[in-house]
Amino acid sequence: MSSDLWSFSLGTYARPGVEAACLTLQSAGVNVCLLLCGLWLGQRGTACNEQRLQQLCNVAEPWDTDVVRPLRALRMQWKVIATEDTELNALREQVKALELEAERHLLLRLERSAQSWPQGEATDLSAWLEGVTAGAVHLDRDALHQLRVAVSST
């Protein structure tokens, strides 16, 4: 298990089926960085409670709204026209890299926020998964199950 959230996120995201599950949940309104943080905390045995969830949401939501989502929107806006314009495609790739860097910074912020929380208190990921996906519409339970299996098998 990776001790830092960024390494955990990269390793988890690379596991079979995880990327697709994360993107499915993202399309339902789930913040993937917050989701990965919840998986990381659950795997570490950190107990989930309303105060901790709120603290993480207070960190994630402004950064996601003001930084990550605008970069993603621009990248997606250029997707079709960039296939026929090599210069625009190069810029789109730079925006994509910037979006990933913004997500890395969000994960670092989330990790700093949770670093003092005790480990080994809980053994179930469900509370974290339910907490970080609470606001999603049309939540895909199969995608959540895929993530639970991917993290539990590490």
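How many nonpolar, polar and charged residues are in the lining of the largest pocket? In this predicted model, that lining has 11 nonpolar, 2 polar and 6 charged residues.

**Figure 1. Centre of the largest pocket, a space of about 530 Å³.** The largest pocket is lined by 19 residues. Closest to its centre are Tyr13, Leu23, Glu99, Leu100 and Glu103.

**Figure 2. Helices around the largest pocket.** At least two lining residues come from each of helix 1 (5-13), helix 2 (18-27), helix 3 (32-44), helix 4 (50-77) and helix 6 (86-114). Helix 6 contributes the most to this lining, with 5 residues.

**Figure 3. Centre of the second largest pocket, a space of about 330 Å³.** The lining of this pocket consists of 20 residues. Gly29, Val30, Asn31, Asp64 and Arg69 are the ones nearest the centre.

**Figure 4. Helices around the second largest pocket.** Helix 3, helix 4 and helix 7 (126-132) are each the source of at least two lining residues. Helix 4 provides the largest share, 6 residues.

**Figure 5. Residue classes in the lining of the second largest pocket.** Nonpolar residues number 9 in this lining. The polar class has 6 residues and the charged class 5.

Terms used. Residues are numbered from 1 along each chain as its sequence is written. This is a predicted model: local features need pLDDT of at least 70, side-chain atom pairs count only at pLDDT 80 or more; totals for chains, interfaces and linings use all residues. Side-chain values use heavy atoms; hydrogens and water are left out. On a 1 Å grid over the protein atoms alone, a cavity is a set of points where a 1.4 Å probe fits but cannot get out, and a pocket is an open set with protein on both sides within 12 Å along at least five of seven lines; lining residues have an atom within 4 Å of a point. Grid points are joined across faces, edges and corners, and a volume is the space filled by probe spheres set on the points. Helices (H or I, at least four residues) and strands (E, at least two) are DSSP runs, numbered from the N terminus. Ala, Val, Leu, Ile, Met, Phe, Trp, Tyr, Cys and Pro count as nonpolar, Asp, Glu, Lys and Arg as charged, and the others, Gly among them, as polar.
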